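Here are a few short exercises to work through with the model open in your viewer. Try each task before you read its solution.

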Amino acid sequence: MSILPGAGWWAGLPPAAGAAVMATGIISVALHMTGHKTSSLVALVIAVALWLVLAFDFTARLVGDRGRFHAEADTPAALTAVAATTVIGTRLSLLGLQTVAAALLALAALLWPGLLFNVVAHWRRRMPGGAFLGCVATQGLAVLAAVLAAAGGPTWLARAALAAFCLGLLLYAAALFRFDLREVVGGAGDHWVAGGALSISALAGSRLTASPVWSGSAHMALRTVTLVTLALSLAWYAVLLTAELRRPRPRYDIRRWATVFPLGMTATACLSVAGPAGLAWLVPLGEILLWIAVAAWLFTFAVLATSLVAARPRARRESPPR
């Protein structure tokens, strides 16, 4: 299923479409961090527009199609609603819109417990990469809370961010135990979240490490955990990229947006960790990874557009005569 399948497309969007918002939003954040203000704002506008469409569809299902809502709320992809909201909130906070960002944090925090409980309750053995979205959504809350705390918010936000950070790491370990490693060579795109979840964990850790709330041994522990998660995310990146090159999967699938998101998140994590960790070489690495992510976004969008153009004549041929 594509993001834009034609007339009435908003009624057929699966929860996995939220990964497109996550991918676009985090690329906007990385472009902002590297000084590409105009490109960052363009990406932000696209991400917000997609988020509004998905928010409308989410609300419509909740109010008018409870059966479908409950069925989809049990799937890991449902947590993209939380993760996408926190990514948009983080970018808006960097833009100085703290009140709006705080409102998005409140909304994400309201959605998070119910969706997470439903998803975890339906976990099974040998799951695809979507299993890691519990970690991603939780770390998204940690990132946004830490960003708001650094922007002048109350101290308790930093402490809440630390709690979410620790819980996110536990959720990652639980998901890793259930992840089907065969997805690395045969996954449709969301298998990349196995690495992206560690990248967003490193991003959350970098924001916490930079906070003046933590000092001494607590600061050193946060720095160490952050560096370990970043190193592991880069290792995942290398493994997943190697698997992609050895076994290309060029056909469009909506889960490919869950590939673009980890690419952008790994770049953002490198850029963010560089300062608090005192590792300047992470900045040029992050910039290289950012342009890889931008290229992946453009390629995924181009394949989507091509598939839509090819699907229209077929849809007209298959439509029943009036």
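**Exercise 1. Place Thr24 and describe its surroundings.**

Step 1: Thr24 sits in helix H1 (residues 18-33), where helices are DSSP runs of H or I with at least four residues, numbered from the N terminus.
Before going on, note that this is a predicted model, in which local features need pLDDT of at least 70, side-chain atom pairs count only at pLDDT 80 or more, and totals for chains, interfaces and linings use all residues. Residues are numbered from 1 along each chain as its sequence is written, and side-chain values use heavy atoms, with hydrogens and water left out.

Step 2: With a relative accessible area of 2%, Thr24 is buried (under 20%, 1.4 Å probe, protein chains only).

Step 3: Leaving out residues up to four places away in sequence, Thr24 touches Ala43, Ile46, Ala47, Leu50 and Trp297 (heavy atoms within 4.5 Å).

**Exercise 2. Describe how H9 packs against H11.**

Step 1: The axes (lines fitted to C-alpha atoms over the stretch in contact) of H9 (residues 193-209) and H11 (residues 257-277) come within 8 Å and cross at roughly 25 degrees.

Step 2: H9 is therefore roughly parallel to H11 (angles under 35 degrees).

Step 3: Among the contact residues are Ile200 and Leu203 of H9 and Phe261 and Met265 of H11.

Step 4: By class, the residues of this contact divide into 11 nonpolar, 7 polar and 1 charged (nonpolar: Ala, Val, Leu, Ile, Met, Phe, Trp, Tyr, Cys and Pro; charged: Asp, Glu, Lys and Arg; polar: the others, Gly among them).

Definitions and conventions. Axes are lines fitted to C-alpha atoms, for helices over the stretch in contact, and angles run from 0 to 180 degrees between N-to-C directions. Helices (H or I, at least four residues) and strands (E, at least two) are DSSP runs, numbered from the N terminus. Angles under 35 degrees count as roughly parallel, over 145 as roughly antiparallel, 65 to 115 as roughly perpendicular and the rest as oblique. Buried means under 20% relative accessible area, exposed over 50%, partly exposed in between (1.4 Å probe, protein chains only).
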